[in-house]
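User: I've got a model open and would like to go through it with you. Can we take it one question at a time?

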Amino acid sequence: MMKIERRKIVEKIYSYPLGYSLDEIKKIYKLQTVRKMSENENVYGCSKHVQEAIFQKLAHISLYPDGRALAVRKMLATTYGINEEKILLGNGSDEIIRLICRAFLNQGDEAIIADVTFPRYESNVTIEGGIPIVIPLIRGVHDLEAMYKGVTSKTKLIFICNPNNPTGTIVGKQELLHFIEKVPPNILIILDEAYYEYVTSTEYLPSISLLDKHPNLIILRTFSKIYGLAGLRIGYGMMSPSIVLDLQKVKEVFNVNEIAQTAAVAALADQDFVMDCARKNTIEREYMCEHLQELGLAFYSSETNFIYVMSHYPVFHKLIEHGFLVRQMKAAGYKDALRITLGTREDNEAFLAVLKELISEEAV
Ligand SMILES: *Cc1c(COP(=O)(O)O)cnc(C)c1O
């Protein structure tokens with residue numbers, strides 16, 4: 001019997017941990033409600049103008065979408081004060097990561113990636129035949145010095161997730177700027193800024209103004225996080241126009257559907273919503289950190305809508321039993337590490353109460 005042979009590299013690819021759906025969890029744990037604090041989605045939903053815009057568009061779904069996504073690009077160009085030729089839309093920024101790997105990696109080319117960071121960099125590099133060079137974080141932060149030392153004649157891509165998912169940390173402004181200036185211009189630097197809108201630190205490097213001087217820079221942002229459109233799949237990259245043209249060649253022609261494009265335009269127009277969410281998030285982040293500290297838990301300093309928390313007790317499954325779904329991670333020397341997406345005040349209060357109870361039970 002002849003066997004169907006898959007490509008060798010498929011064996012190496014890490015399957016994204018999708019886990020159980022909320023309905024499955026409710027069934028398994030016999031719960032009425034589950035609070036989802038695991039995917040870094042916007043707990044406040046999306047702008048109320050989005051629904052109306054989508055509704056208008058429903059009469060036209062028999063038509064193909066705009067393969068150039070011009071309306072969204074124009075709107076983004078105005079929002080950021082850059083030329084629309086520098087903008088590319090993707091089916092989530094996840095797709096743009098794939099397009100970059102597809103267009104730029106030859107067999108055996110190297111990509112420098114932090115450990116731990118967003119898993120899609122490594123998966124896409126591997127799928128396209130590249131070699132991930134993995135550099136450990138230092139206390140949850142990208143080690144730019146070690147990443148720079150990792151550069152070889154084979155290096156093609158460097159991924160910097162800023163703020164980093166799952167740790168929530170940012171890299172220092174001056175440090176990142178020096179890094180960008182030092183890296184040879186034939187290497188692409190990808191700055192993934194999926195959580196850009198949540199950052200409050202003055203130590204955060206404003207990156208868009210660097211695009212002209214550094215044509216090897218790609219900035220990724222998304223409508224999935226603060227804009228609250230994760231279910232529609234739309235994200236974008238900002239880069240030199242020649243890279244946009246290259247990536248356009250390797251993308252699906254109609255990669256971003258019309259409903260998503262319409263929603264993105266409406267969402268961009270409502271910056272009040274974005275600012276309001278960012279403001280509430282900052283308050284909740286401080287609230288959560290204060291209480292985690294009181295509970296004696298170690299965590300990384302976050303510039304996002306989630307917090308990476310270490311626990312000496314195995315609390316992940318117990319949290320689910322109490323109706324709280326968070327993301328389970330790993331940290332050396334701890335029984336559990338959790339990435340907790342911030343909720344509303346009510347969610348966070350309830351979560352902390354349960355966490356407190358679990359920890360005190362373990363202590364006796
Ligand atoms: C969520 C996320 C993305 C992208 O999400 P899309 O939904 O594909 O736009 C990209 N990078 C990081 C670090 C993320 O956390």
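User: Which residues of β12 point one way, and which point the other way?

Analyst: Keep in mind that this is a predicted model. In a regular strand the side chains alternate between the two faces of the sheet. In β12, one set is Ala337, Arg339 and Thr341. The set pointing the other way is Asp336, Leu338 and Ile340.

User: Is β12 mostly covered or mostly open, and how many of its residues are buried?

Analyst: Buried means under 20% relative accessible area. Both sets of side chains on β12 are buried, whichever way they point. Strand β12, residues 336–341, is mostly covered, and the buried count is six of six.

User: Where does β12 sit in its sheet, and what is the strand order?

Analyst: Start with the neighbours: β10 (residues 306–311) pairs with β12 in the antiparallel sense over six bridges. On β11 (residues 324–329), three bridges join it to β12, again antiparallel. The sheet is open, with five strands and mixed pairing, and its order is β1-β11-β12-β10-β9.

User: Which strands stand at the edges of that sheet?

Analyst: Look for strands with a single partner strand. Such a strand has one side left without a neighbour in the sheet, so it stands at an edge. The two are β1 (35–37) and β9 (298–299).

User: What are the bridge partners in β12 of Ile307, Gln328 and Met329?

Analyst: Take β10 before β11. Ile307 has Ile340 as its bridge partner. Gln328 is matched with Leu338, and for Met329 the partner is Ala337.

User: Which residue takes a positive phi in the hairpin of β11 and β12?

Analyst: That hairpin has six residues between its strands. The phi in question is near 85°, and the residue is Gly333.

User: How far apart are the closest N and O atoms in the salt bridge of Glu284 with Arg345, and how exposed is each residue?

Analyst: The pair links distant parts of the chain, with Glu284 in helix α10 (residues 271–294), Arg345 in helix α12 (residues 345–363), and their positions 61 residues apart. Glu284 is buried because its relative accessible area is 6%, while Arg345, at 32%, counts as partly exposed. The closest N and O atoms are 3.0 Å apart.

User: Which residue forms a salt bridge with Arg120?

Analyst: Arg120 is in helix α5 (residues 120–127), and its partner is in helix α4 (residues 93–104), 26 residues apart. The closest N and O atoms are 3.2 Å apart. The partner is partly exposed at 23% relative accessible area, and that residue is Asp94.

User: How many salt bridges does the whole structure have?

Analyst: Another of them pairs Glu41 with Lys36, the closest N and O atoms being 3.0 Å apart. Arg35, Glu346 and Asp347 are joined into one network by salt bridges that share partners. A search of the whole structure gives a total of 18.

User: Which backbone oxygen does the side chain of Lys156 reach?

Analyst: Lys156 is in strand β5 (residues 155–161). Among the residues Lys156 touches are Leu105, Asp109, Glu110 and Asn186. Its side chain comes to 2.8 Å from the backbone oxygen of Phe104.

User: Is Ile61 buried or exposed, and which surface patch does it help make?

Analyst: Ile61 is in the loop between α2 (48–57) and α3 (70–80). Exposed means over 50% relative accessible area, so at 59% Ile61 is exposed. With Phe55 and Leu58, Ile61 makes a nonpolar surface patch of about 340 Å².

Key: Residues are numbered from 1 along each chain as its sequence is written. This is a predicted model: local features need pLDDT of at least 70, side-chain atom pairs count only at pLDDT 80 or more; totals for chains, interfaces and linings use all residues. Side-chain values use heavy atoms; hydrogens and water are left out. Patches are made of residues with over 30% relative accessible area and no salt bridge: like charges are joined within 9 Å, nonpolar side chains (Val, Leu, Ile, Met, Phe, Trp, Tyr) within 5 Å. Accessible areas come from the Shrake-Rupley method with a 1.4 Å probe; for residues, only the protein chains shown count as cover. A salt bridge is a side-chain nitrogen of Lys or Arg within 4 Å of a carboxyl oxygen of Asp or Glu. Helices (H or I, at least four residues) and strands (E, at least two) are DSSP runs, numbered from the N terminus. Buried means under 20% relative accessible area, exposed over 50%, partly exposed in between (1.4 Å probe, protein chains only). Two strands pair if DSSP finds at least two bridges between them. A polar contact is a pair of N or O atoms within 3.5 Å; within protein, one must be able to donate a hydrogen and the other to accept it, and residues adjacent in sequence count only if both atoms are side-chain atoms. Contact means heavy atoms within 4.5 Å. Lists of a residue's contacts leave out its neighbours within four places in sequence.
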